[in-house]
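The following exercises concern the arrangement of helices and strands. Please examine the structure before reading each solution.

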Amino acid sequence: MDVLFNQLFSGLSMASILLVIALGLAIIYGSMGVINLAHGEFVMLGAYATWAMQTYFGFSILVALPFVFLAVALVGWIIELVIVRRLYRRPLDTILATWGIGIILQQAVRLGIGAESRFVKGPGILDGNVVIGNVVMSNYRIFVILFSIGVLAATWALMTKTEFGMKLRAVIQNRGISECYGIEASRVYSLTFAYGAGLAGIAGALITPLYSTIPTMGTSLVVDAFLVVIVGGLGSLIGAAAAAVMIGEVTAVFSMVMNDTLGRIAVLGCIILLIRFRPRGLFPETVRR
Amino acid sequence: MAQLQIQNLHVEFGGLRAVDNLDLTVEEGEILCLLGPNGAGKSTTLDLICGKTQPTGGSIRFQGTELSGLLEYERARCGIGRKFQVPSVYKELTVAENLSVAQSRHPGMWRALFTFGRGDTATQRRVLERVGLAEKAGVKAGNLSHGETQWLEIAMLLTQDSQLILMDEPTAGMTIQETEKTADLFRQLRGSHTLIIVEHDMSFVRRVADRIVVMNRGAKLAEGSVEEIENNAAVKTAYLGH
Amino acid sequence: MTRKLSYDLLAYAAFAAVIFWLVPTLYAYDGFELNTFARYLSLAIVAMALALSWGTAGLLNLGQAATFGIGSYAMAMHLKLRASDGLPDFMGWNNVDTLPWLWVPFESLTFTLLAGLLLPAAVGGIIAIFMFRARIAGVFVAVITLAFLVAFQLLVIEQQGLTGGQNGLTGLAPLNLFGWSVDTYSVGFYYLVAACLMAALTIGIYVSHSKFGLILRAIREDAERTRFFGYNVSSFETMVFCISAALAGWAGMLYTLVLEFASPTYMSVSFSLAIVIWVAVGGRESVIAAAIGAIIVNALEGRLSDVFVEGWNLMLGVTFVLVVIFMPRGLFGLVTYLAGAGSRLRQSRQDSPKTSAPIGSAPHAQGGR
């Protein structure tokens, strides 16, 4: 039983990182229909930015977080401006172009920093564990879970409570009409893409003490994050959150019952079935279009 | 027995009854016009007949076959053709290729796999001449004007040669001359084909309709000949309010 | 249409001349060099297979590598059995002491050749029925096929005793093709692969000019409308997936012969996306263009990756992004555009309105298809 709880807890911390990655993807896909396969590389950039700040400036992860967010958001902003902007009317082509961008970022890091894995220390104040009975929960993982919930809440507030969110939702519904009312759609898109990239950067920073940082780390993460977005229902924040927790936990349980690989295969199988029978996700919008 | 029998048909979209206990019979070879204010359920009725929308209840029988439960392509194979409100032709295909797709007497996959080339070009040519597009056979449909696109779609329906053709506002966006030409063409089809037409243009309806059914709020409000409908008090109320 | 078919046949003939005559001549009938080129040709087959489903029907299959892998493992299993005395060596290391039932029929070459085509077709068909009955389309096709590929590769790696796991199947015997012991470094082998590619292209051109291909293009544009003409859209989509998967399996068998091993990396996400890249570079609308795209990218990779070991992938990424943005229809689009520009120029010189009859001018005005 304790094994199960420990497994569920570590599943939850992975799920919360997955959630932050998926949130960025969901926002980018939901608002501009861009399938961003470079998102995993944004996570990787976030991880390397954290490593660089710790190595050269001695920043702890907690201090580095806002800088990482800004740095990766800037990269995302530039990429949107130079490349993605030209592909808004061709959703399948965005898959290809962003895959190309992913290759470029991955190789650039490999050439610039090297292919060997890098390690980042967890923040000192979060060393130690909370122990309840036989369940051991590391402080850092608890922090990751809480922080992810915070990111989800902040994103939700940004989308629903701010003028930017209102403009974004207007552009999603009808770009042409929104522009007639003076909303600069292309600016809204740039900022949205940058925000999504920034979230990926945060996820990359959070993941560094748990994972080794290597140039290819993004590839497997992006597939998972994508499945989260699709399962959750495109553009739905709550759906993405639910799907992330579900996928994280189901993976954890399956991995315990079978083994890691078979667990992952089983989860992928379940996801394929889910997409097949609920192609609009767990929580589809009930608007008649 | 009537060719098409609709009994007790209803459909709901999230609480809204778009079609509410509709009864309708259509005889073989007649031209029936569906009239009614916006939101009366005319297009939805066509959607229900051709299978684009599934009914919540009721029955649709075409030549004795119950249609509910059949998929769109199965209904098309029963002999039901459909023209949509927004002209839907294949913009990336040429005019001739569009007709070749429409030539669907044998729509099986294996048959298509073992058919090389463009099919019966003589028939295609004849249909194109009839609608005045013979010169444009090699043009991509996306490069046609709006009126030509409408004609192409009508040509596709003629090629498909369904016994029952459902038309949603076939004259929308046409000039007066084109509308007249369409009316003539439809009258030539009378007898050999059954047509159900949703149309707002009363002068067009007067020219082609054998019978009119007026719908309001998803149900049949009145039915009869053109004069009967024009003198019907309930119809006037529905259109003009109280 | 006759014009377009004649263009395709012309390109087909020119392409045949290049790979049957020009390439062997350029390499001075050197078996080693031709082996390298045979590798490109087998990859060209899997690229043209993808062009069939993606370019014609608009179904982006990101799991193409899975069916390619099945073909390559089918061939490798046969050759492994030929090379082994009884049980293949890796099975012993994994404590497998009897030949698994899945391996038994691969003793037979005929079975292997059939399985290399039919197993991928069956797998592709099952996935297709599963998706297309539910009218899954567009991006969802890409995501489901991608998820399937990831799961499939994991399964192959995990089943070590059956597949050799991460190492794949190595130490294979040469193929004995009905009495001919195939030397993969011979000119004869190169011609075998080239003939296979031409046969695959023949199938591809036939399919795209058949009524079946026309309906696929109609489905790509508007599946809904096509149903109202009585076409069972899902059966067309399933069939093109089966054909494409069978061709991919065929390519996989040849690839195993060329490289003399089978590896789970043939089923990786990056390999699958690489296939997509080749097709995009060549042009998804034409099977020949897709094949040429695969040959060009791989030949460049072969030359340049020696010079710029790490930089090569960077260049590939940049090229790919540029192609997607500026040449969305690939080299094929560029060629048809230039041809169109050329004939527009000729027409304006002639300056006679009568010559610009609609039928003649149409393919140029839109730049081809």
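**Exercise 1: Two packed helices**

In this predicted model, helix H2 (residues 31–56) of chain C packs against helix H8 (residues 187–209) of chain C at an angle of about 15 degrees, and their axes are 9 Å apart. Determine whether H2(C) is roughly parallel or roughly antiparallel to H8(C), and state which residues meet.

*Solution.*

Step 1. Angles under 35 degrees count as roughly parallel. H2(C) is therefore roughly parallel to H8(C).

Step 2. The crossing of H2(C) and H8(C) is left-handed.

Step 3. On the side of H2(C), the residues in contact include Leu34(C), Phe37(C), Leu41(C) and Ile45(C). On the side of H8(C), they include Phe189(C), Val193(C), Leu197(C) and Leu201(C).

Step 4. Sorted by character, the residues of this contact between H2(C) and H8(C) comprise 18 nonpolar, 5 polar and no charged.

**Exercise 2: A sheet and its helix**

Establish the strand order of the open sheet in chain B, and explain why one side of strand E2 and one side of strand E5 lack a neighbour in the sheet.

*Solution.*

Step 1. The sheet contains 4 strands in the order E2-E1-E4-E5 (chain B), with antiparallel pairing.

Step 2. Strands E2 (16–26) and E5 (65–66) of chain B stand at the edges and have a single partner strand each, so one side of each has no neighbour in the sheet.

Step 3. Strand E4 (residues 57–62) of chain B is joined to E5(B) by 2 bridges. Arg61(B) stands opposite Glu66(B), which belongs to E5(B).

Step 4. Helix H1 (residues 42–50) of chain B lies across strands E1 (4–13), E2 and E4 of chain B. H1 runs at about 65 degrees to E2(B).

Terms used. Residues numbered from 1 in each chain as written. Chains lettered and ligands numbered in written order. Predicted model: local features only at pLDDT ≥ 70, side-chain atom pairs only at ≥ 80, totals over all residues. Pairing = 2+ DSSP bridges. Contact = placed C-beta atoms within 7 Å. Axes fitted to C-alpha atoms, helices over the stretch in contact; angles between N-to-C directions. Parallel < 35°, antiparallel > 145°, perpendicular 65-115°, else oblique. Left-handed = near helix turned anticlockwise from the far one by under 90°. Nonpolar A, V, L, I, M, F, W, Y, C, P; charged D, E, K, R; others polar.
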